Amino acid sequence: MYRILVVDDEPGIGSSIRNFLLASDLNISHVETALNGFEAIDCLRMDSFDLVLTDIQMNRMSGLELMETICMEQPNLPVIVISAHEKFDYAKQSLQLGAKDYLVKPVQRKVLLDTVGKALSEKESLGKQTLERSFQQRDSGDADVRKHSELFMELVFER
């Protein structure tokens with residue numbers, strides 16, 4: 001079950017996206033909304049999320065500033081930008097900060113669903129790869145410990 005944070009300074013938009021995602025078949029259990037970057041950072045520090053959807057231009061803290069904070073604090077957290085700005089500079093900056101995609105409002109429902117589904121799928125796949133690597137490292141570490149232990153025993157008991 002996935003947890004998503006939607007950040008938009010227009011409460012109606014955040015609420016609409018929340019309701020739409022919860023009604024989808026993407027296995028989403030919870031969607032939190034925040035009205036600006038500061039609220040979003042508070043949410044991110046108090047809870048864990050699988051994905052952030054953010055607007056760019058908001059009062060108090062922009063989506064770009066929010067993304068900079070996410071990059072520093074949770075670099076593996078995927079972010080999708082949903083903005084009314086079609087300017088290439090905003091899209092470029094967002095992608096440089098690691099955004100998975102940049103969608104221009106109004107967003108078609110299918111496009112939003114496909115983009116969110118793809119980001120969640122990639123995150124899950126990355127998580128599985130990381131888990132497999134940690135098991136492999138642990139197992140190889142156990143083999144290294146046994147090998148060192150055997151060498152030590154040979155030195156101590158002069159086999």
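Okay, let's start with N36: its relative accessibility is 7%, so it counts as buried, the cut-off being under 20%. This is a predicted model, by the way. Where along the chain does N36 sit? It's in a loop, the one between β2 (28-34) and α2 (37-46). And its side chain has a partner: it reaches the backbone nitrogen of E39, at 2.9 Å.

Moving on into α2 itself. Its buried residues are G37, A40, I41, C43 and L44. If you look down the axis of α2, those buried residues fall within an arc of 160°, so they line one face of the helix. Now flip α2 over: the face turned away from the buried side carries R45 and M46, and those are exposed.

You can tell a similar story for helix α1, residues 11-23. That's 13 residues, and from first C-alpha to last the helix reaches 18 Å, close to the 18 Å you'd expect at 1.5 Å a residue. Which residues of α1 are buried? Those are G14, I17, F20 and L21. They cover an arc of only 135° around the axis, which puts them on the same side of α1. On the face turned away from that buried side you find P11 and A23, both exposed.

Okay, strands. In β1, which is residues 2-7, have a look at I4. Buried or exposed? Buried, with a relative accessible area of 0%. What I'd point out here is F49: I4 and F49 are 45 residues apart along the chain, yet their C-alpha atoms are separated by 5.5 Å.

Further along, β4 (residues 79-83) pairs with β5 (residues 101-104). In which sense do they run, parallel or antiparallel? Parallel, over four bridges. To get your bearings in that pair, find S83, which stands opposite V104 in β5. Then bring in helix α4, residues 88-96: together, β4, α4 and β5 make a β-α-β unit, and it's right-handed.

Last thing, confidence. The mean pLDDT of the chain is 87, with 79% of its residues at 70 or more. Where is confidence highest, and where is it lowest? The high end is strand β3, residues 51-54, at 98, and the low end is helix α5, residues 109-157, at a mean of 73. Where pLDDT is low, the predicted coordinates shouldn't be read in detail. That's me done, so over to you for questions.

How values were computed. Residues numbered from 1 in each chain as written. Predicted model: local features only at pLDDT ≥ 70, side-chain atom pairs only at ≥ 80, totals over all residues. Heavy atoms only, no water. Helix = DSSP H or I, 4+ residues; strand = E, 2+ residues; numbered from the N terminus. Expected span 1.5 Å × (residues − 1). Buried < 20%, exposed > 50% of the residue type's maximum accessible area, 1.4 Å probe, protein only. Arc of directions from axis to C-beta. Pairing = 2+ DSSP bridges. Right-handed = clockwise from strand over helix to strand, strands pointing away. pLDDT = per-residue confidence, 0-100. Polar contact = N/O pair within 3.5 Å; in protein donor to acceptor, adjacent residues only side chain to side chain.
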